[in-house]
Amino acid sequence: MKPLPDWDALSFSLTETDAIWVCRGDTRRDPVWDAGTLRPFEDLAISVASPALSYGLGIFEGMKAQRAPDGTILLFRPDRNAERFRKSAERLTLAPFPEARFIEAVKETVRANARFVPPHGRGTFYVRPVEWASEARLGLGMVNGFTVAMYGSPVGGYFKVGGAPGLRLLVKEQGRVAPGGTGWAKAAGNYAGGILVSAEAKKQGFDDVLYLDARHVRFVTETSGSNVFCALRNGTLVTPPLDDQILPGVTRLSAIEVARSLGMRVEERPIGIDEVVADGAGLFATGTAYTLARIHSVTLRGKETSFPDDTARAAIFEIIRGIQNGTREDTFGWTVPVDQTRRA
Ligand SMILES: Cc1ncc(COP(=O)(O)O)c(C=O)c1O
């Protein structure tokens, strides 16, 4: 049994837990996937010729389990992650993992690590499903053998709370992903190149970067790991439309639905950085790890613009957070409880 962390010192970092879940698949077999097993948190063997290592044939997901005040563990819209995991797999020529089995495996992973799900209000349990091509192959092409694995970690906030009320973003006049590429999928390779970009921005005192679109280098797309929303001075909430460069965020979708339920006007349309700077009153980032994070300012070509109006974000976040942590009635039907009695 692994040691429990200090619940009051959690950050967004890995704590090894008791168990991981591993499943092997081969598209030449029927059924493709084996039953999957829980194993201790340990290294897995991988062929040196796995195309995951050479060609980036890997995808992942990220979702959270939270404890309600009565101790129940709640997942948030796991069906959306299951669907995105399948679509990401199809884009990367990995075998799609059945959505119902994905949800069951997430529950099994959480259940096996239930003592690592922080007490209500003191953190969350982040679940990381991954899939990679595990068959050895030299040339670039499709393979048949795959591994799906799931692990999790208790986590705290994604960002250290800094001085400014919200994140300070550096606008990068470049795309996060290529036009026509894999940006809409949760492909491992989408993230590799951005680590240096974020690290350099952090060295300059920024919390994160804001990427523009790769075709026109004009429209706002995403930060390194979240979608973005801009509340205009006229009250309209704008977020970039889903396209080849935008990840279909579960938090993004939920924020749109909650905003509309509150009577806000929401537009999914391209929004230029010039419009954000000229007409933006409030700006925020949405994601599983980021939650709904206020953006204090964006800096473009050395000029910082700040966004003082936090009303829309605060109203939407209040509702989403309450549903996620079980303190508010789930009128949307988004949460899924994890049965905590272990199966024999
Ligand atoms: C690039 C990128 N955009 C957006 C998101 C937000 O997606 P979600 O709300 O499903 O976590 C994430 C995080 O998963 C991400 O990595």
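Biologist: Arg137 caught my eye. Which two strands flank its loop?
Modeller: Bear in mind that this is a predicted model, where local features need pLDDT of at least 70, side-chain atom pairs count only at pLDDT 80 or more, and totals for chains, interfaces and linings use all residues. Numbering starts from 1 along each chain as its sequence is written, and side-chain values use heavy atoms, leaving out hydrogens and water. Strands (E, at least two residues) and helices (H or I, at least four) are DSSP runs, numbered from the N terminus. On that basis, the loop with Arg137 runs between β6 (124-133) and β7 (145-155).

Biologist: Is Arg137 buried, exposed or partly exposed?
Modeller: The cut-offs are under 20% relative accessible area for buried and over 50% for exposed, with partly exposed in between (1.4 Å probe, protein chains only). Because Arg137 has a relative accessible area of 33%, it counts as partly exposed.

Biologist: Which backbone oxygen does the Arg137 side chain reach?
Modeller: Here we look for a polar contact: N or O atoms within 3.5 Å, where within protein one must be able to donate a hydrogen and the other to accept it, and sequence-adjacent residues count only if both atoms are side-chain atoms. Arg137 also touches Ala49, Pro51, Met142 and Val143, not counting residues up to four places away in sequence, where touching means heavy atoms within 4.5 Å. The backbone oxygen reached by its side chain, at 2.7 Å, belongs to Gly139.

Biologist: How far apart are the C-alpha atoms of Arg137 and Pro51?
Modeller: Pro51 is among the residues that Arg137 touches. Along the chain the pair is 86 residues apart, yet the C-alpha separation is 6.5 Å.

Biologist: Let's move to Asp244. Which residue's side chain forms a polar contact with that of Asp244 at 2.8 Å?
Modeller: Asp244 sits in the loop between β12 and α6 and is buried, because its relative accessible area is 15%. Its side chain also reaches the backbone nitrogen of Gly180 at 2.6 Å. The side-chain partner at 2.8 Å is Arg215.

Biologist: And what is the relative accessibility of Arg215?
Modeller: Arg215 belongs to the loop between β9 (208-212) and β10 (220-223). Beyond its neighbours within four places in sequence, Arg215 is in contact with Pro179, Gly180, Asp244 and Gln245. It still counts as partly exposed, because its relative accessibility is 48%.

Biologist: What about Asp18: which side chain does it pair with at 2.9 Å?
Modeller: Asp18 lies in the segment before β1 (19-26) and is buried, because its relative accessible area is 19%. Its contacts, leaving aside neighbours within four places in sequence, include Met1, Lys2, Arg39 and Phe116. The polar contact of 2.9 Å joins the side chain of Asp18 to that of Arg115.

Biologist: On to the ligand. Which residue puts a polar side-chain atom 2.5 Å from a ligand oxygen?
Modeller: There are 16 residues around the ligand, with Lys186, Tyr191, Val250, Thr251 and Thr288 the closest; a residue counts if one of its heavy atoms lies within 4 Å. Val250 brings a backbone N or O atom to 2.7 Å from a ligand oxygen, while a side-chain N or O atom of Glu222 is 3.1 Å from a ligand nitrogen. The 2.5 Å distance belongs to Thr251.

Biologist: How much of the ligand's area does the protein bury?
Modeller: Areas come from the Shrake-Rupley method with a 1.4 Å probe; for residues, only the protein chains shown count as cover. Alone, the ligand exposes 380 Å², and the buried share is 95%.

Biologist: Any odd backbone angles? Which residue follows Asp30 across a cis peptide bond?
Modeller: Most residues other than glycine have a negative phi, and most peptide bonds are trans. Val217 has a positive phi near 50°, and Arg301 has one of about 50°. The cis bond, with omega about 0°, joins Asp30 to Pro31.

Biologist: Last one: which strand has the highest confidence?
Modeller: pLDDT is the predictor's confidence in each residue, from 0 to 100. The chain averages 97, and 98% of the residues score at least 70. Confidence is lowest in β15 (residues 291-300), at a mean of 97, and highest, at 99, in β12 (residues 237-239).
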